[in-house]
Amino acid sequence: MTTRSEHLEAPAMRLILPLPGNETFARRLADEGGWELGALETRRFPDGETYVRILSEVKNKVVDLVCTLARPDDGFLRLIFAADAARDLGARQVNLIAPYLSYMRQDRRFQPGEAVTSRSFARLVSASFDRLVTVDPHLHRYAALSALYTIPTDTLHAAPLLADCIAAEVDNPLIIGPDEESEQWVSAIAARIGAPHAVLRKVRHGDRNVEVELPDLSKWRGLQPVLADDIASSGRTLIEAARMLPLQGFVRPMVAVVHGIFADASFQRLTALCGRIVSSDSVPHESNAVGLASLVARAIASASNDEADLIRHRRPPEPPDEVEQAGIDSFPASDPPSWTGGVT
Ligand SMILES: O=P(O)(O)OC[C@H]1O[C@@H](O)[C@H](O)[C@@H]1O
């Protein structure tokens with residue numbers, strides 16, 4: 001008979017469990033690691049409430065729920081219900097594998113009364129999961145996810161994979177970031193493939209209204225421009241950058257993004273202005289050309305499955321920081337800024 005201590009010492013079996021729409025990525029992940037692929041069923045009751053049923057055995061297993069979080073409001077409750085169900089049914093550990101992590105951009109209160117959704121979302125996820133694995137979260141004013149999340153997190157980077165994809169497709173690339181924020185990604189990509197890089201200036205006036213200015217790039221005319229960024233959301237940032245490049249005599253740019261959300265008809269609009277457009281498979285899209293499953297599988301395999309270790313790494317929530325208070329004080333109602341959103 002197996003004793004309790006023998007059982008705890010045995011390596012936990014792992015179950016990769018996709019939420020709807022994440023089956024392809026989950027299958028790749030399971031194949032990479034040689035792990036079991038599970039299934040769950042969800043539907044809506046006639047009143048709009050969510051039904052969730054886990055169809056695989058989870059007892060004593062490490063359960064990795066795979067759910068990219070593009071358009072999170074549609075499926076977040078079913079994700080939380082699935083995590084709770086896995087735990088109720090005896091899962092030893094319940095992790096969230098979210099190749100794209102949402103709610104990273106409203107990371108402070110820009111106007112009095114605004115919800116700081118980065119913080120609220122992190123609290124909800126931290127309450128339901130033991131660990132979070134994600135790729136290139138939009139860390140702007142926060143240096144690391146540990147400033148928001150109270151559970152252990154693994155932050156992976158797609159820049160080397162995007163760089164290899166660009167190098168395979170373009171001979172003499174000039175890597176261009178559409179705004180100052182993108183410097184971190186474009187410099188990493190450029191360094192890996194030994195290409196020059198430049199960063200444009202952007203002013204955001206609204207959710208779908210941005211202005212992009214080009215510095216003098218004439219010394220690089222003749223190179224193939226490659227616009228690289230972390231997210232294409234409304235696509236406006238990339239569209240404006242792509243519109244500006246021909247003004248300095250550049251050919252149509254290639255576009256390489258980690259997270260291709262491409263809301264509205266932005267992909268079609270970009271296609272009209274650009275050459276090849278590639279993204280990672282963090283968000284399922286026709287532009288997916290860079291697979292992340294192997295990167296994510298390696299992180300999962302090396303993460304600790306030890307409950308005691310996870311409990312040690314859980315931290316109490318941090319109190320609101322200076323930034324939040326500064327946000328409240330700095331925008332008196334009589335003098336609102338023209339752009340009230342948090343996204344740059
Ligand atoms: O312009 P859209 O595509 O809406 O938003 C994406 C841009 O906004 C920034 O936060 C991102 O880093 C990216 O540059």
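Two strands count as paired here if DSSP finds at least two bridges between them. With that in hand, this predicted model can be read strand by strand, beginning with E15 and its neighbours.

Strand E15 covers residues 277-280, and strand E16 covers residues 288-290. The two run parallel and are joined by two bridges. Within this pairing, serine 280 of E15 sits opposite valine 290 of E16. E15 also pairs with strand E14, residues 254-260, again in parallel, and here three bridges make the link. One spot to look at is valine 257, which stands opposite serine 279 in E15. To get from E14 to E15 the chain passes through helix H8, residues 266-273, and this β-α-β crossover is right-handed.

Which way do the residues of E15 point? Ile277 and Ser279 go one way, while Val278 and Ser280 go the other. Whichever way they point, all of these are buried.

Next comes the ligand. It is surrounded by 17 residues, and the closest are Asp229, Asp230, Ser234, Gly235 and Thr237. Aspartate 230 brings an N or O atom of its side chain to 2.6 Å from an oxygen atom of the ligand. The backbone takes part as well: a backbone N or O atom of serine 233 lies 2.8 Å from a ligand oxygen, and for glycine 235 a backbone N or O atom is likewise found 2.8 Å from an oxygen atom of the ligand. How much of the ligand does the protein bury? Taken alone, the ligand exposes 360 Å², and 98% of that is buried by the protein.

Three elements give two or more residues to the shell around the ligand: strand E11 (201-206), strand E13 (224-232) and helix H7 (236-244). The largest share comes from E13, with four residues. Sorted by class, the shell holds eight charged, six polar and three nonpolar residues.

Elsewhere in the model there is an open sheet of six strands. Reading across the sheet, the order is E2-E1-E5-E6-E7-E8, and the pairing is parallel. Its edges are strand E2 (36-37) and strand E8 (153-156), each of which pairs on one side only. At the E2 edge, two bridges join E2 to strand E1, residues 14-18, and the two strands run parallel. Isoleucine 16 has leucine 37 in E2 as its bridge partner.

Technical notes: Residues are numbered from 1 along each chain as its sequence is written. This is a predicted model: local features need pLDDT of at least 70, side-chain atom pairs count only at pLDDT 80 or more; totals for chains, interfaces and linings use all residues. Side-chain values use heavy atoms; hydrogens and water are left out. Buried means under 20% relative accessible area, exposed over 50%, partly exposed in between (1.4 Å probe, protein chains only). A crossover is right-handed if, with the strands pointing away from the viewer, the path from the first strand over the helix to the second runs clockwise. A residue is near a molecule or strand if one of its heavy atoms lies within 4 Å of it. A polar contact is a pair of N or O atoms within 3.5 Å; within protein, one must be able to donate a hydrogen and the other to accept it, and residues adjacent in sequence count only if both atoms are side-chain atoms. Accessible areas come from the Shrake-Rupley method with a 1.4 Å probe; for residues, only the protein chains shown count as cover. Ala, Val, Leu, Ile, Met, Phe, Trp, Tyr, Cys and Pro count as nonpolar, Asp, Glu, Lys and Arg as charged, and the others, Gly among them, as polar.
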